[in-house]
Amino acid sequence: MTATQQRLTFEEYLTYDDGSDTRYEFDDGALVEMPPAIRLHRRIAQFLEECFKREIERLGLQWETGRTDVGVKTQKQNGRTTVRYPDLVVFNASSLDGGEVDIIDFAPEIAIE
């Protein structure tokens, strides 16, 4: 995992595109490259997501899942902002609209890394 020397604001991060397929997490202004997942890792996350989706549907909850495509934004007491993309995240989507960027700024029900 490599971090860039370039420093961005959170707003700049939301629109950042370096022209490559590289995905980045955000760590207090620094871009942190996300390595690609190995096949076994991806298959385990997919299996767990399917299990959670079935249970969410069975219970009739307004929850959603995401696998490395939903970021979790946190802000520390020292003002440091980070965005991480867990391997799997389950979150309450009842207060979100369809046009929002898939970065939540509230605690998910579960995040698996």
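**Entry 1: F10 and the core around it**

I started with F10 and listed its contacts, setting aside neighbours within four places in sequence. F10 is in contact with F26, K73, T81, V83 and I103. I note here that I am reading a predicted model.

Next I looked up the largest nonpolar core. It is made up of ten residues: L8, F10, Y13, Y24, F26, L31, M34, V83, Y85 and I103. I then asked which elements give two or more residues to this core. They are α1, residues 10-15, and β2, residues 24-27. I also found another core, apart from this one. That other core has six residues, including V70, V89, F91 and I104. I jotted down a general remark beside this. In soluble globular proteins, nonpolar side chains tend to be buried together.

**Entry 2: T81**

T81 was on the contact list of F10, and I looked it up next. I found T81 in strand β6, which covers residues 81-84. Is T81 buried or exposed? Its relative accessible area is 10%, so T81 is buried. I set aside neighbours within four places in sequence once more. T81 is then in contact with F10, F26, D27, D28, K73, T74 and Q75. D27 on that list led me to the charged pairs.

**Entry 3: Salt bridges at D27**

How many salt bridges does the structure hold? I noted six. I took R80 and D27 to begin with. Their side chains meet in a salt bridge, at 2.4 Å from N to O. R80 lies in the loop between β5 (71-75) and β6, while D27 is in strand β2, so this pair ties together parts 53 residues apart in sequence.

I checked how far each partner is covered. R80 has 33% relative accessibility and counts as partly exposed. D27 has a relative accessible area of 17%, which is under the 20% limit, so D27 is buried.

D27 also forms a salt bridge with R84. The closest N and O atoms of that pair are 3.5 Å apart. R84 lies in strand β6 and D27 in strand β2, so the pair ties together parts that are 57 residues apart in sequence. R84 is partly exposed, with a relative accessible area of 31%.

**Entry 4: A pair within helix α2**

I moved on to E55 and R58. They form a salt bridge, with the closest N and O atoms 2.5 Å apart. Both are in helix α2, residues 39-59. Because E55 and R58 are three residues apart there, about one helical turn separates them. E55 is partly exposed, at 33% relative accessible area. R58 is exposed, at 59% relative accessibility.

Then I went back to look for shared partners. Salt bridges that share partners join E25, D27, R80 and R84 into one network.

**Entry 5: Strand β7**

My last stop was strand β7, residues 88-92. Why do I call β7 largely enclosed by the rest of the structure? Four of its five residues are buried, so the strand is largely enclosed.

I traced its pairings next. Strand β4, residues 63-66, is joined to β7 by four bridges, and the two run antiparallel. In that pairing, T65 stands opposite V90 of β7. Strand β9, residues 110-112, is joined to β7 by three bridges. β7 and β9 run antiparallel too. There I looked up L88, and its bridge partner in β9 is I112.

Definitions and conventions: Residues are numbered from 1 along each chain as its sequence is written. This is a predicted model: local features need pLDDT of at least 70, side-chain atom pairs count only at pLDDT 80 or more; totals for chains, interfaces and linings use all residues. Side-chain values use heavy atoms; hydrogens and water are left out. Buried means under 20% relative accessible area, exposed over 50%, partly exposed in between (1.4 Å probe, protein chains only). Two strands pair if DSSP finds at least two bridges between them. A nonpolar core is a set of buried Ala, Val, Leu, Ile, Met, Phe, Trp, Tyr and Cys residues joined through side-chain atoms within 4.5 Å. Contact means heavy atoms within 4.5 Å. A salt bridge is a side-chain nitrogen of Lys or Arg within 4 Å of a carboxyl oxygen of Asp or Glu.
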